[in-house]
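Visitor: Hi! I have a protein to look at and would like to talk it through. Can you pull it up for me?

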Amino acid sequence: MREALDLFGEYQHTSDQPSLVRAVHVFRAALAAAVRVGVPDIAAYHNNLGYALRELAVATGDAAVQAESVRCLRAAVAATDSDDPDRVAYLCSLASGLRDLYGYTGDAELL
């Protein structure tokens, strides 16, 4: 996860799209490893990947990447209890992702 966060931070600082693509790849690997070993805070892994995918969708204009982002963000919300303080942030990220996906699809159901 640290490597993915570092790559993502590099992208935020430089706008170097290859850094973002590498960050997404490493976030995916981190999520897969976390699922495999049963990390308790799996929601954070889903959220981090979803956020990075959202940034990649913005950078590339790729609706499929945005849809994948929304799937990850939904998984983050689903993995949190209703009384988890992080749930508010995950819901906010999901709302932003759905709004962005609406921009690609025009599907009012997303709003």
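Visitor: Let's jump in at helix 5. Which of its residues are buried?
Guide: Happy to help, and please keep in mind that this is a predicted model. The buried residues of helix 5 are Tyr90, Ser93, Leu94, Ser96, Gly97, Leu98, Asp100 and Leu101.

Visitor: What do those buried residues pack against?
Guide: They pack against helix 3 and helix 4. Ser93 gives you a close-up: this residue of helix 5 touches Asn47 and Leu73, leaving aside residues up to four places away in sequence.

Visitor: Why does Ser93 count as buried?
Guide: Its relative accessibility is 17%, and the cut-off for buried is under 20%.

Visitor: And Ala89, where is that, and how does it count: buried, exposed or partly exposed?
Guide: Ala89 is also placed in helix 5. It counts as partly exposed because its relative accessibility is 46%. If you want a distance from there, the C-alpha atoms of Ala89 and Val26 are 22 Å apart, with their positions 63 residues apart along the chain.

Visitor: How does the span of helix 5 square with its residue count?
Guide: They agree: the 19 residues, 87–105, should span 27 Å at 1.5 Å a residue, and the end C-alpha atoms are 26 Å apart.

Visitor: What comes just after helix 5?
Guide: Gly106, which takes a positive phi of about 75°.

Visitor: Let me zoom out. How many helices and strands are there?
Guide: The protein has five helices and zero strands. Reading from the N terminus, the order is α-α-α-α-α. The radius of gyration is 14 Å, close to the 13 Å that the globule rule gives for 111 residues, so the protein is as compact as a globular protein of that length.

Visitor: What about its dimensions and surface?
Guide: The C-alpha trace spans about 40 × 35 × 20 Å along its principal axes. The accessible surface comes to about 6,200 Å², and carbon and sulfur atoms account for 53% of that. Of the 111 residues, 39% count as buried.

Visitor: Now the inside. Which residues touch the most other members of the largest nonpolar core?
Guide: That core has 19 residues, and Phe8, Leu20, Val24, Phe27, Leu49 and Leu53 touch the most other members. Helix 1 (2–14), helix 2 (17–37), helix 3 (42–60) and helix 4 (63–78) each supply at least two of its residues. Helix 2 gives the largest share, seven residues.

Visitor: Take Val24. What does it touch?
Guide: Leu49, Ala52, Leu53 and Leu56, again not counting residues up to four places away in sequence. There is also another core, lying apart from the largest one, with eleven residues that include Leu73, Val77, Leu94 and Leu110.

Visitor: That grouping seems familiar from other proteins.
Guide: Nonpolar side chains do tend to be buried together in soluble globular proteins.

Visitor: Last topic, as I'm thinking about cysteines. How many disulfides are there?
Guide: Zero. Cys72 is in no disulfide, and the nearest cysteine sulfur, that of Cys92, is 17 Å away.

Visitor: Why don't Cys92 and Cys72 bond?
Guide: Their sulfurs are too far apart for a bond, at 17 Å; a disulfide needs the pair within 2.5 Å.

Visitor: Is Cys72 buried or exposed?
Guide: Cys72 is buried, with a relative accessible area of 8%.

Conventions: Residues are numbered from 1 along each chain as its sequence is written. This is a predicted model: local features need pLDDT of at least 70, side-chain atom pairs count only at pLDDT 80 or more; totals for chains, interfaces and linings use all residues. Side-chain values use heavy atoms; hydrogens and water are left out. A nonpolar core is a set of buried Ala, Val, Leu, Ile, Met, Phe, Trp, Tyr and Cys residues joined through side-chain atoms within 4.5 Å. Buried means under 20% relative accessible area, exposed over 50%, partly exposed in between (1.4 Å probe, protein chains only). Helices (H or I, at least four residues) and strands (E, at least two) are DSSP runs, numbered from the N terminus. Contact means heavy atoms within 4.5 Å. The expected span of a helix is 1.5 Å times one less than its number of residues. The radius of gyration is taken over C-alpha atoms; the globule rule is 2.2 Å times the number of residues to the power 0.38. Accessible areas come from the Shrake-Rupley method with a 1.4 Å probe; for residues, only the protein chains shown count as cover.
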